[in-house]
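Reader: Could you take me through this structure by way of questions and answers, giving the reasoning each time?

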Amino acid sequence: MGDVNDESPDVSVSDGSPDSPDAQAAPTTIAASRPEGAGPGADVPWWATAVFYQIYPRSFADSDGDGVGDLPGVLEKLGYLELLGVDALWISPVMRSPMADHGYDVSDPRDIDPLFGGIEALDALIEEAHARDIKVTMDLVPNHTSDQHPWFVEALAAEPGSAARERYIFRDGLGEDGDQPPNNWPSIFGGPAWTRVTEPDGTPGQWYLHIFAAEQPDLNWENDEVFEDLATTLRFWLDRGVDGFRIDVAHGMAKPPGLPDMPEELQTGLLINDDDDPRFNNPGVHPIHRRIRAVMDEYPDAVTVGEIWVRDNARFAEYVRPDELHLGFNFRLAEADFTAESVRDAIENSLAAVDSVQGVPTWTLSNHDVEREVTRYAADTTEAVGLDRARAMVLVELALPGAVFLYNGSELGLPNVDLPEEALQDPVWERSGHTIRGRDGCRIPVPWLGDTPPYGFSTTEDTWLPMPKDWDVLTAEHQLEDVDSTLSLYRLAIELRKTRPEFAGEEVEWYGAPPGCLAFRRSEGRLVCALNTTDAPVGLPGGEVLISSAPLQDGRLPANAAAWLV
């Protein structure tokens, strides 16, 4: 094997055979562009290389013993997060809400719900996080409000055609008596996307649109009052020290003219991701994002990250043009199977999606809406192998140029939990007629210490979702004492990513590898990442091994493992 520091190195992953067909394959290069105005050696925004850590607050740490996590609980764990090495927090919704969808139904966007500790708790968290050099970003939900928002309460009491109703999307029904929905759109959470209201005089009346739950009426973004209120909200939080926002359903908001029917083949339920879905990705969304960016530019260090379920790379790129979102979630890596071909395809697509607009790529393996990677990678095998694969994939993720998003508990190797039906709380469960279990399985509270539930998450065993009885070996306390634990792997990998010069460079160079393996190098810094998705050990490139997701076997990379070399 060649030295990876040579001018023309052999960094291919070898099967150990002298006639390995890919041993001397030439590299191919794909660039991950810096933000406009940046180049080699230039300063880049903090978010362009940051490791973000998503906190699902109700599942992170409970400070007051009610079984639900809160912001004071997050504050208490900032030392842990600093030890982990993350650069920024993304806090899922904590704004005032009746919690029909666990905070994504906002009744007051400029207040913090008492369930999470109130606005003073967020102020305290921001101050202490900043003292530890950790940024704080929060979820923003602009597509819809709660049905208990004062605007919607006013709309229900108002007449059809009134200014109050023009803030939302009210329409007359179809049919002789208007008793049919205005179009055939389904809700993401199951059932129709329309609900009929009773007018103030007691008669059946208009219908309102809700792409999600009935408790989440969609706003009418053609009404300028809607944007002006959002601009007020943006400035409110930025002035309090928030460092940016994750924008929920960033490809939504704009609806197509005339609200045309949806093709029958697209009328499936939960979270369909089709670029032809008329509910999402309409061209009118881009002027909205440009207006949001104009407000954000008043705060030059702040960031917006859009939730963008768009598969076409050209259309995805439109969202991260220099005058729109700073970053856009690309979910290709989270959707990839654990095969070398699928992982490489996801990486290449993600890089290509931002290259045309000089955007920054983003990488994530899980979040509060996605099955945890340990369980996902165990679909065709055991949970133990799923954990091995998850450990390998975080090394792949952290080796790539751009911004990385980790989901709380992934650093502990938490799996999804198959909850009993009586414990399910996701609105998907009810709205689908108990046919879709929803996302609760990836939202189980984080285990911190001890041998039995609630593992230090709370002082009550009656946590908002029940915790498994066999998670004692997964607690943060247990793993902090084990140098071979998943938590220790994350800590070391994040530290190396932040401190080693080999992580420089925006280009990913691919090298030939045997079937089931891949290897790439960061062009400028010369870090090499190798992944083995086969069921047998393989040879490694020459050079020093910085870290591996599993112990080497006679100098070879084990099955379902990854390594970094320099």
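Reader: Is His434 buried, exposed or partly exposed, and what is its relative accessibility?

Author: This is a predicted model, in which local features need pLDDT of at least 70 and side-chain atom pairs count only at pLDDT 80 or more, while totals for chains, interfaces and linings use all residues. Residues are numbered from 1 along each chain as its sequence is written, and side-chain values use heavy atoms, with hydrogens and water left out. Buried means under 20% relative accessible area, exposed over 50%, and partly exposed in between, with a 1.4 Å probe and protein chains only as cover. His434 therefore counts as partly exposed, at a relative accessibility of 41%.

Reader: Where does His434 lie, and what is its phi?

Author: His434 lies in the loop between helix 12 and helix 13, where helices (H or I, at least four residues) and strands (E, at least two) are DSSP runs numbered from the N terminus. Although His434 is not a glycine, its phi is positive, at about 60°.

Reader: Which residues does the cis peptide bond in the loop between helix 12 and helix 13 join?

Author: Pro454 has its place in the loop between helix 12 and helix 13. With omega at about 10°, the cis peptide bond joins Pro453 and Pro454.

Reader: Which residue of that loop forms a salt bridge with Asp369, and how far apart in sequence are the parts that the pair ties together?

Author: A salt bridge is a side-chain nitrogen of Lys or Arg within 4 Å of a carboxyl oxygen of Asp or Glu, and the side chains of Arg439 and Asp369 meet in one at 2.8 Å, N to O. Because Arg439 lies in the loop between helix 12 and helix 13 and Asp369 in the loop between strand 13 (362-364) and helix 10 (373-376), the pair ties together parts that are 70 residues apart in sequence. Arg439 counts as buried at 8% relative accessibility, and Asp369 counts as buried at 17%. The residue asked for is thus Arg439, and the separation is 70 residues.

Reader: Which residues are linked with Asp369 and Arg439 in a network of salt bridges?

Author: A search of the whole structure finds 31 salt bridges. In the network that holds Asp369 and Arg439, the other linked residues are Asp101, Asp426 and Arg443.

Reader: What is the N to O distance between Glu154 and Arg167, and is each of them buried or partly exposed?

Author: Glu154 lies in helix 4 (residues 150-157) and Arg167 in the loop between helix 4 and strand 7, so the pair ties together parts that are 13 residues apart in sequence. Glu154 counts as partly exposed at 40% relative accessibility, whereas Arg167 counts as buried at 10%. Their side chains meet in a salt bridge with an N to O distance of 2.9 Å.

Reader: How many residues of strand 11 are buried, and which of them point one way and which the other?

Author: In a regular strand the side chains alternate between the two faces of the sheet. From strand 11, Val303, Val305 and Glu307 point one way and Thr304 and Gly306 the other way. Strand 11 (residues 303-307) is mostly covered, and the number of its buried residues is 5 of 5.

Reader: Which residue of strand 12 stands opposite Val305?

Author: Strand 11 and strand 12 (residues 327-329) run parallel and are joined by 3 bridges, where two strands pair if DSSP finds at least two bridges between them. Opposite Val305, in strand 12, stands Leu327.
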